[in-house]
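Subject: Structure handover

Hello,

Please find below the structure we spoke about. My notes on it follow.

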Amino acid sequence: GGTIWHERSARQRDAVKRGLRTTVLIVGEGSAEQKFLNHVRVAFLARNGDLVLTVKNGHGKGGRAVLQKAIATHRYTPYDRVAVLVDTDVDWGDRERQLARERQVIALESTPCFEAVLMTIAGHAAPPDTRRCKQLFEQHFDCRAHDANLLRREDFSAPQIRAAGVKVPVVHSLLTLLGQ
């Protein structure tokens, strides 16, 4: 008798608590963005906090494809907020920005590419050309942006990322989206 009611009651309370959480979906353009977003989730969001972040990988098919994936995912799974983390150098322009606004998708833009954002977080100057930026990135870090060990470096600690939020618009927007 009473035990079953108590268990149901606890489940109901948990369901109510879950309902109060803000759910956020961010679709990153590729593996580097996905790893960074997961790194940020661990560094900044408490396990049982008020915000639940879901990260998806757009598999490097350009900004438009990433936006379409975010829209399609949101159509079948409702989230309180939806964002994309995209490079501005491939398939991303005014049409995509307009579609994102119409669909209420927050565009987190890496200009010209995500390597430039990572270099800036780490305190390095990033050139405006994507090809040159990727070359310099590999020279500075001796790896590619999606390397599993990259984000373990002190360059990408929570305090370093938070400090970058002051000077890197996409980092500022990301931290704001996550209530930081």
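Is Asp94 buried or exposed? Asp94 has a relative accessibility of 62%, and because the cut-off for exposed is over 50%, Asp94 counts as exposed. Before going further, please keep in mind that this is a predicted model.

Salt bridges

There are 7 salt bridges in the structure. I describe some of them here.

Asp94 pairs with Arg97, and their closest N and O atoms lie 3.3 Å apart. Both residues belong to helix 4, where they are 3 residues apart, so about one helical turn separates them. Arg97 has a relative accessible area of 24% and is therefore partly exposed.

Helix 4 also takes part in a second salt bridge, between Arg64 and Glu96. Here the closest N and O atoms are 2.7 Å apart. This pair links distant parts of the chain: Arg64 sits in helix 3 (residues 63–76) and Glu96 in helix 4 (residues 94–102), with the two positions 32 residues apart in numbering. How do the two partners stand in terms of accessibility? Arg64 is partly exposed, at 32% relative accessibility. Glu96 has a relative accessible area of 6%; since buried means under 20%, Glu96 is buried.

A further salt bridge joins Arg144 to Glu138, with 3.5 Å between the closest N and O atoms. Glu138 is partly exposed, its relative accessible area being 36%. As for networks, Arg64, Asp91 and Glu96 are joined into one by salt bridges that share partners.

Strand 3 and its neighbours

Strand 3 covers residues 81–87. Of its 7 residues, 6 are buried, so the strand is largely enclosed by the rest of the structure.

Which strands pair with strand 3? One is strand 1 (residues 22–28), which pairs with strand 3 in the parallel sense over 5 bridges. In this pairing, Leu25 stands opposite Val82 of strand 3. Another is strand 4 (residues 105–110), which runs parallel to strand 3 and is joined to it by 6 bridges. There, Val84 has Ala107 in strand 4 as its bridge partner.

Helix 4, already mentioned for its salt bridges, comes back at this point. Together with strand 3 and strand 4, helix 4 makes a β-α-β unit, and the unit is right-handed.

As general background, side chains in a regular strand alternate between the two faces of the sheet.

Regards

Note on methods
Residues are numbered from 1 along each chain as its sequence is written. This is a predicted model: local features need pLDDT of at least 70, side-chain atom pairs count only at pLDDT 80 or more; totals for chains, interfaces and linings use all residues. Side-chain values use heavy atoms; hydrogens and water are left out. A salt bridge is a side-chain nitrogen of Lys or Arg within 4 Å of a carboxyl oxygen of Asp or Glu. Helices (H or I, at least four residues) and strands (E, at least two) are DSSP runs, numbered from the N terminus. Buried means under 20% relative accessible area, exposed over 50%, partly exposed in between (1.4 Å probe, protein chains only). Two strands pair if DSSP finds at least two bridges between them. A crossover is right-handed if, with the strands pointing away from the viewer, the path from the first strand over the helix to the second runs clockwise.
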